[in-house]
Amino acid sequence: MLGSVGPTTYRGRVTATTATTTSPDAAAPDWLAELTAALGRDSVLTDPDVTASYARDQAMLAPAGTPAAVVLPRTTADVSAALRIAHAHGVPVVPRGAGSGLAGAANAVDGAITLVMTRMDKVLEVSTADRLAVVQPGVVNKALRDEVAKHGLFYPPDPSSYDWCTIGGNLANNSGGLCCVKYGVTTDYVLGMEVVLADGRVLRTGRRTVKGVAGYDLPKLFVGSEGTLGVITEATLSLRPAPRTPVTLVATFSSTAQTGQVVEAAVSCGVVPSLMEVMDQTCIRAVDDMLKADLDRDAHALLVAQSDAGGEAAVAEMEVLAQLCRDAGCELVHVTDDAAEGDLLLAARRMALPALEQLGTTLIDDVAVPRSRIAAFLDGCDAIARERGLVIGVVGHAGDGNMHPTMCFDPTDEDHKARAFAAFDDVLELGLALGGTITGEHGVGNLKSEWLEREIGPVALDVHRSIKRALDPDGLLNPGKMFSAG
């Protein structure tokens with residue numbers, strides 16, 4: 001499943017997307033000279049040691065090639081010029097943010113331009129009256145949150161890498177985060193955007209108003225398109241009032257299935273926490289080893305939840321959830337309105353994936369299932385771990401059903417590695433069988449491209465390809481990602 005992506009044709013030339021083939025003849029001085037003249041020498045990097053550092057994102061086992069050049073634009077005009085030149089010469093372009101992705105969506109293609117958007121990092125406007133912000137794609141998620149907080153506002157989407165991932169990458173992958181259960185994902189905050197199309201034309205679409213239904217909803221088309229339809233150079237994002245000081249709950253259970261029971265009961269009775277996260281025993285012990293946080297190492301599952309409703313309302317929400325935990329047979333439940341204590345509990349959750357990395361190389365899955373099937377999914381992951389003889393840690397956003405089973409293995413042991421890849425596929429199969437999706441927030445990239453058709457079906461895949469051909473007829477934007485050209 002995770003073998004090399006097949007070759008892609010660019011105007012008659014066949015160029016593989018892995019680093020095992022020779023670069024195409026597109027890597028000629030003419031287009032490099034044009035790029036350098038248009039953007040400046042310090043914006044076009046060709047040193048192999050430098051370009052290699054931009055070859056892949058955090059999906060370390062996803063296929064990656066070697067870019068012919070790394071281009072760092074400063075303006076929309078720079079991006080437009082780069083795409084015009086690439087279009088004229090038939091050179092593929094891979095858009096990239098900070099490289100925090102986990103599906104290989106920003107992985108390089110041999111002989112291509114890797115377009116790194118991190119220099120475009122300005123918050124251009126924050127409007128309290130209209131409750132919106134206008135930002136460039138290189139703005140770091142946390143930097144935007146901190147900036148709008150000065151105005152008493154809140155940008156909710158918060159991927160676990162929020163302190164270094166960029167808004168452009170969040171938009172391209174329709175990222176989620178810990179607070180999706182209450183606030184939704186990135187697409188729910190997009191009002192408008194500026195996008196440079198494959199031929200270099202600049203498209204401005206969307207609005208600044210709360211309502212607006214004129215024409216197709218083009219901004220939402222580009223959200224989640226993983227750089228295959230255009231390069232986002234500016235976004236107008238809606239904001240929320242700043243949340244109140246949270247009240248935090250932590251509960252431990254003797255089985256992972258009990259956590260699913262609590263989530264289902266919470267949804268049924270109408271409790272909407274601002275976050276509700278779960279870690280299994282493998283994650284609990286890994287985090288405790290790393291942080292020395294005095295976690296309950298005997299617990300089979302740990303639930304962390306918060307309410308940002310404020311004051312008595314927040315306490316009341318968490319007390320309802322605490323009673324649901326007791327009814328499900330939790331071993332310990334604790335509710336606190338101490339913000340510092342809540343931050344410590346949440347820090348333990350955010351460190352789950354780094355802690356699992358201490359157990360070996362990790363293969364991180366990203367499956368979302370209906371909340372009524374969480375218990376079945378957690379039990380299924382336990383069964384896969386036993387069957388494959390692997391350590392699999394499960395951490396995830398219990399409130400919206402988005403789970404991250406993580407396979408830990410020794411990459412030098414070919415049998416161990418093969419079993420990890422097989423378990424990765426098993427988890428995807430389990431998610432689809434339970435009525436779920438192969439990705440809740442990480443995207444498809446090239447890590448799961450073979451699974452997309454299995455989820456959406458041949459008709460939907462044909463529609464995807466038709467849209468791609470309409471906006472990028474030569475297939476130059478992020479080739480080999482999400483699906484094959486067909």
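**Briefing: an annotated region, two surface patches and two asparagines**

Residues 63-242 are 22% helix and 24% strand, and the C-alpha atoms at the two ends of this stretch lie 41 Å apart. In UniProt, an unreviewed entry lists residues 63-242 as "domain: FAD-binding PCMH-type". The model described here is predicted. The points below cover patches on the surface and two residues with positive phi.

**Nonpolar patch**
- Leu221, Val459, Val463 and Ile467 make up a nonpolar patch on the surface, and their accessible area together is about 310 Å².
- Helix α15, which spans residues 449-471, supplies three residues, the largest share of this patch.
- Leu221 belongs to helix α7, residues 218-222.
- Leu221 has a relative accessible area of 30%, so this residue counts as partly exposed.

**Negative patch**
- Asp337, Asp338, Glu341 and Asp343 form a negative patch on the surface.
- One of these residues, Asp343, sits in helix α11, which runs over residues 339-350.

**Asparagines with positive phi**
- Asn174 is a residue other than glycine with a positive phi, near 50 degrees.
- The place of Asn174 is the loop that links α5 (167-173) to α6 (180-183).
- Asn478 is not a glycine either, yet its phi is positive, at about 45 degrees.
- Asn478 lies in the segment that follows α15.
- Asn478 is classed as buried because its relative accessible area is 1%, and buried means under 20%.

Notes: Residues are numbered from 1 along each chain as its sequence is written. This is a predicted model: local features need pLDDT of at least 70, side-chain atom pairs count only at pLDDT 80 or more; totals for chains, interfaces and linings use all residues. Side-chain values use heavy atoms; hydrogens and water are left out. Patches are made of residues with over 30% relative accessible area and no salt bridge: like charges are joined within 9 Å, nonpolar side chains (Val, Leu, Ile, Met, Phe, Trp, Tyr) within 5 Å. Accessible areas come from the Shrake-Rupley method with a 1.4 Å probe; for residues, only the protein chains shown count as cover. A salt bridge is a side-chain nitrogen of Lys or Arg within 4 Å of a carboxyl oxygen of Asp or Glu. Lys and Arg count as positive and Asp and Glu as negative; His and the chain ends are not counted. The place of a charge is taken as NZ of Lys, CZ of Arg, CG of Asp or CD of Glu. Helices (H or I, at least four residues) and strands (E, at least two) are DSSP runs, numbered from the N terminus. UniProt positions are given in the numbering used here, feature names are shortened, and annotations may be inferred rather than shown by experiment. Buried means under 20% relative accessible area, exposed over 50%, partly exposed in between (1.4 Å probe, protein chains only).
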